[in-house]
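Colleague: I would like to go through this model and ask how each label was earned. Please set the value beside the rule each time.

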Amino acid sequence: MKYKSVLCTAPFVSVVITPERALRPCCKYSGDLGDLSKQTITEILASDVVKDLQKDMYDNKWPDRAGPVGNCEECRLAEKIHSRSIRTAYIPGGTSYFNDWRNGKIRIIEISSSNICNLSCAGCSTRFSSGWLKYAKVIEKNTDTEFYRDIIHESPIINPNNDLLIKNLSELDLTHLNRVNIKGGEPLMNTDMLVALRYFDEINILHKLEIHMDTSGAVIIDKTINETIALLCKAKRIIFGLSVDGPDEVTTYIRYSPKNMASLDNIRNFISVFEKNNITFMVSPTIMVYNIFSLDRLVEWWLYDITPSFNHLDLDIYLFNFLIGPDYLSLQALQPATISRLIDHYNNIVETKEYGHWFSHLPDALENIEYSGNKLHNQMVKYTLDMDKIKGQSIYKSIPELTNEMCYL
Ligand code: SF4
């Protein structure tokens, strides 16, 4: 039988457990498929909500159950900037595509089951970081701050629930599982991470799994690390996606903590803990208004400082992760003249630097950035100045290249 193409295979092969204990098909999907505190995971996967979403995918229809904005808007918007999105990984040729996706076997599980985190990163929220809560509580409650209060929210701290995780995992047929993504919150502060690794080892599938862990690297290594490393080493492949966003003053501005936990020195120390193990470290900045000016300096740190020090490790760079939301920190908030200067800057990098190939896609991606207008620009200014006041930071000191943008239009 000849099958027609499908919009995305994620809803057939992948499940994400969110910090709210809801189920989603992928990390970019907006809207829940079910509530794990009220339904079993098996009930959710057999529900009409999942079947309707799968039908949309078969019909090549962008699902639209999230109100005016579709459920898959993040993928749709990412593809307007450049050719890659999470969706493109789930279609033929993509790294998350499985030829037999129609049999409905789970291939990828993402565990983001707690929001415990020690950072309060720009663009993040209390939904994914307990570190945000103390700042969320002191934001002035007026109409001018409503646009970012709605996003930062005041979600409670969600501690891991090891028993619930194991109950959910044990209901699933994991015989075809290939990959486990562990995100957060901060995975290394989430006891579910170790509990899940032990479980996969116990049921004898750990050796078949790729484990992808998105970590800030800005964590205090505790006494469980030896067991974590021993278990990780049993997996087929381990990839640490390091959330480092720029040179020191930029990444500590974005990945904020009062004690500068995200400093490049701390990241270096973090990598050294794992240096004897067969782990791929991929630096994967979230490209936004704060770090678009300094991605070349980040790459220089990675290539000329980290790589020679850890030359037996597998080190990689991923420069395709453009921030889509919150939109006031996306590149669409920058004025066209700034984007134009950035295009010149990165064209020059491509032509003159030996690492220029890492940036070959960037000038075209920047050409695709459409200025969203003064309202969004002004929201970027307002959010930035308000957060500087609340967190005790200075955009002018950390990211002087943004100074020209820091005025209301
Ligand atoms: S299109 Fe994107 S958001 Fe939608 S299910 Fe696929 S990967 Fe997830």
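Colleague: Where is I166 placed, and why is I166 called partly exposed?

Modeller: I166 sits in helix α8. This is a predicted model, and the label comes from a count. I166 has 16 C-beta neighbours inside 10 Å. A residue is buried at 20 or more and exposed at 12 or fewer. The count of 16 lies in between, so I166 is partly exposed.

Colleague: What is I166 in contact with, leaving aside neighbours within four places in sequence?

Modeller: I166 is in contact with V195 and Y199. Contact here requires C-beta atoms within 7 Å. As for L188, which is 22 residues from I166 along the chain, the two C-alpha atoms are separated by 18 Å.

Colleague: L169 is in helix α8 too, residues 162-171. Why is L169 called buried?

Modeller: L169 has 21 other C-beta atoms within 10 Å. The rule asks for 20 or more, so L169 counts as buried. Outside the four places on either side in sequence, L169 is in contact with A196 and Y199. L169 and I343 are 174 residues apart in sequence, and their C-alpha atoms are 47 Å apart in space.

Colleague: What makes G373 exposed?

Modeller: G373 has 11 C-beta neighbours inside 10 Å. Since exposed means 12 or fewer, G373 is counted as exposed. G373 lies in the loop between α15 (362-367) and α16 (374-391). The C-alpha atoms of G373 and V250 are separated by 25 Å, with their positions 123 residues apart along the chain.

Colleague: Which residues of helix α3 are buried, and how do you know that they are on the same side?

Modeller: In α3, residues 48-58, the buried ones are L53, D56 and M57. They cover an arc of only 100° around the axis, so they lie on the same side of α3. D48 and K51, on the other side of α3, are exposed. The cover over the buried residues of α3 includes α1. After α3 comes N60, with a positive phi near 55°.

Colleague: Now the strands. What makes β1 and β2 a pair?

Modeller: Two bridges join β1 (residues 14-17) to β2 (residues 22-24). Pairing requires at least two bridges, so β1 and β2 qualify. These strands run antiparallel, and the bridge partner of I17 in β2 is L23. The hairpin of β1 and β2 has four residues between the strands, and R21 there takes a positive phi near 65°.

Colleague: How many bridges join β1 to β4?

Modeller: Four bridges join β1 to β4 (residues 108-111), and these strands run parallel. V15 stands opposite I109 in β4. As for the side chains of β1, S14 and V16 point one way, V15 and I17 point the other way, and all are buried.

Colleague: What is the order of the strands in the sheet, and why are β3 and β9 said to stand at the edges?

Modeller: Nine strands form an open sheet in the order β3-β2-β1-β4-β5-β6-β7-β8-β9, with mixed pairing. β3 (34-35) and β9 (314-317) each have a single partner strand, so one side of each is left without a neighbour in the sheet.

Colleague: Which residues come nearest to the ligand?

Modeller: There are 13 residues around the ligand, and C8, C26, C72, C75 and R87 come nearest. Elements that give two or more residues to this shell are α1 (10-13), α4 (73-81) and α5 (86-89). By kind, the shell has 10 nonpolar residues, no polar ones and three charged ones.

Colleague: How many helices and strands does the chain have, and why is the chain called as compact as a globular protein of its length?

Modeller: The chain has 17 helices and nine strands. Its radius of gyration is 21 Å, and the globule rule gives 22 Å for 409 residues. The two values are close, so the chain is as compact as a globular protein of that length. The C-alpha atoms fill a box of roughly 55 × 50 × 45 Å along the principal axes. Buried residues make up 41% of the 409 residues.

Methods:
Residues are numbered from 1 along each chain as its sequence is written. This is a predicted model: local features need pLDDT of at least 70, side-chain atom pairs count only at pLDDT 80 or more; totals for chains, interfaces and linings use all residues. A residue is near a molecule or strand if its C-beta atom, placed from the backbone, lies within 6 Å of it. Ala, Val, Leu, Ile, Met, Phe, Trp, Tyr, Cys and Pro count as nonpolar, Asp, Glu, Lys and Arg as charged, and the others, Gly among them, as polar. The arc is that of the directions from the helix axis to the C-beta atoms. Two residues are in contact if their C-beta atoms, placed from the backbone, lie within 7 Å. The radius of gyration is taken over C-alpha atoms; the globule rule is 2.2 Å times the number of residues to the power 0.38.
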